[in-house]
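Here is a quick tour for anyone about to load this model into a viewer. Have the side chains switched on before you start.

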Amino acid sequence: MCGRTACTLAPDEVSKACSYRSRAGQRRQPGWRDGDADKYRPSYNKSPQSMNPVLLSKRHFDKTAPEEDRVLATMRWGLVPSWFKENSPSKMHYSTNNCRSESILEKKTYKDPLIKGQRCVILADGFYEWRRQGKDKQPFFIYFPQTQGSSKRKREDHDDLLTTAANNECPSEGASPDLTEDGEAPGEWTGWKLLTIAGLFDCWTPPSGGEPLYTYSVITVNASPNLQSIHDRMPAILDGEEEVRRWLDYGEVKCRDALKLIQSKNILTFHPVSSLVNNSRNNSPKCLQPVDLNSKKEPTPTGSSKMMTSWLTSAPVKRKKTDTLYSPEEAGKKKESRQKSAGPLQQWLQGSKKPRTN
């Protein structure tokens, strides 16, 4: 299953992280659907009913758009079917946060959007899962293995990118997908590699009238071998640009062929984290910080853990308002840290204290 995620990139960075290569070989960068960038709130601890970034074909909103064009949208976690007759989603009597791949064609809630091609990619830094240990549960943070830039220059470009992002506005849907806001061709993203999770979405309008609500469900599969010790289920992960392209291209890739992409993949890594994440109201860098399971006390900080903590406390989530409130003194400290890059976390992952993968 999947009941908690983290997505800490600012809206403009999410757009950069979703850059892709067109069939013509051009690097493209999806813009946000009009107004949706402001609805998204970065967070270290996202739970169902929260508003999260998803990637989908632009043709869902503009039938004249080229098939390969993509757009970012903010949708609510927990699918509300278009045919739901009540005036409030809170009156639904069953959970739609997750959709089991094995029964996706058996339930109208999921079969309808699948047949209509309403496939999306849910974006996240990673997701949390809990392993039962007697009466207790130990949380883990699970994510794509991160790779360091191929050269020093590449890392410097990444640092400049993140620094510049703090002062940039989010790309709009109307912007050219082949150009950045500065009129330059977008480069390949060298920051944190976002998880690309297969999902289904639907659009529900209250029967009594009102603004349409876009919602989604995370498709789940049996856990991969290296995650089975934590939980027996996991989100369906799309691995690489080609799988993402095929999942989103509902015109060329019909649902039966698209479902062949939904498989358990042994490609993720993980590390244990604090029980602080158990409460969805907790939204701080400590939710992601690795902990030592062999120590009952707070682990003694190492050079690597200090680097990770430094990255977490200066992550781009602070560049956009979150639900967490800070004192004036804390807010001042946050402001001073905004110019730092995400590089130290990647360095930590490449160092001697690597996350466990088995």
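What follows looks at charged pairs, one helix, a cavity and two loop residues. Keep in mind that this is a predicted model.

**Charged pairs**

Side chains of opposite charge can pair when their charged atoms come close. Searching the whole structure turns up 16 salt bridges. Three of them are set out here, with the distance between the N and O atoms.

| Basic residue | Acidic residue | N to O distance |
|---|---|---|
| Arginine 28 | Aspartate 69 | 2.8 Å |
| Arginine 245 | Aspartate 249 | 3.6 Å |
| Lysine 260 | Aspartate 257 | 3.4 Å |

Start with the pair of arginine 28 and aspartate 69, whose side chains meet at 2.8 Å. Arginine 28 belongs to strand β3 (residues 27-28), while aspartate 69 sits in the loop between β6 (51-57) and β7 (70-77), so this bridge ties together parts 41 residues apart in sequence. Both arginine 28 and aspartate 69 are buried.

What about lysine 260 and aspartate 257: buried, partly exposed or exposed? Lysine 260 has a relative accessible area of 55%, and because the exposed class begins over 50%, lysine 260 counts as exposed. Aspartate 257, at 34%, is partly exposed.

Some bridges also share partners: Arg23, Glu242, Arg245, Asp249 and Glu252 are joined into one network that way. Two members of that network, arginine 245 and aspartate 249, are the pair with closest N and O atoms 3.6 Å apart, and both of these residues are buried.

**Helix α4 and a cavity**

Arginine 245 leads us to helix α4 (residues 241-248), where the buried residues are Glu243, Val244, Arg245, Trp247 and Leu248. What do these buried residues pack against? Their partners are the strands β6, β7, β9, β12 (195-204) and β13 (213-222), together with α5 (255-258).

Leu248 turns up again in a cavity wall. The count of cavities of 30 Å³ or more comes to two, and the second largest holds about 30 Å³ of space. Ser57, Arg59, Glu67, Leu248, Asp249, Tyr250 and Gly251 line this second largest cavity. By type, its lining splits into three charged, two polar and two nonpolar residues. Asp249 is thus a handy residue to click on: it is part of the lining and also belongs to the salt-bridge network.

**Two loop residues**

Glutamine 118 sits in the loop between α2 (108-115) and β9 (119-124). Its relative accessibility is 13%, and since buried means under 20%, glutamine 118 counts as buried. Which atoms does its side chain meet? A polar atom of that side chain lies 2.8 Å from the backbone oxygen of phenylalanine 201, and a polar contact of 3.3 Å links the glutamine 118 side chain to that of aspartate 202. Leaving out neighbours within four places in sequence, the contacts of glutamine 118 are His60, Pro113, Gly199, Leu200, Phe201 and Asp202.

Serine 274 is found in the loop between β15 (269-272) and α6 (303-313). At 25% relative accessibility, serine 274 is classed as partly exposed. Its C-alpha atom is 7.7 Å from that of leucine 288, a residue 14 places away along the chain. Not counting residues up to four places away in sequence, serine 274 touches Pro139, Lys286, Gln289 and Val291.

Conventions: Residues are numbered from 1 along each chain as its sequence is written. This is a predicted model: local features need pLDDT of at least 70, side-chain atom pairs count only at pLDDT 80 or more; totals for chains, interfaces and linings use all residues. Side-chain values use heavy atoms; hydrogens and water are left out. A salt bridge is a side-chain nitrogen of Lys or Arg within 4 Å of a carboxyl oxygen of Asp or Glu. Helices (H or I, at least four residues) and strands (E, at least two) are DSSP runs, numbered from the N terminus. Buried means under 20% relative accessible area, exposed over 50%, partly exposed in between (1.4 Å probe, protein chains only). Contact means heavy atoms within 4.5 Å. A polar contact is a pair of N or O atoms within 3.5 Å; within protein, one must be able to donate a hydrogen and the other to accept it, and residues adjacent in sequence count only if both atoms are side-chain atoms. On a 1 Å grid over the protein atoms alone, a cavity is a set of points where a 1.4 Å probe fits but cannot get out, and a pocket is an open set with protein on both sides within 12 Å along at least five of seven lines; lining residues have an atom within 4 Å of a point. Grid points are joined across faces, edges and corners, and a volume is the space filled by probe spheres set on the points. Ala, Val, Leu, Ile, Met, Phe, Trp, Tyr, Cys and Pro count as nonpolar, Asp, Glu, Lys and Arg as charged, and the others, Gly among them, as polar.
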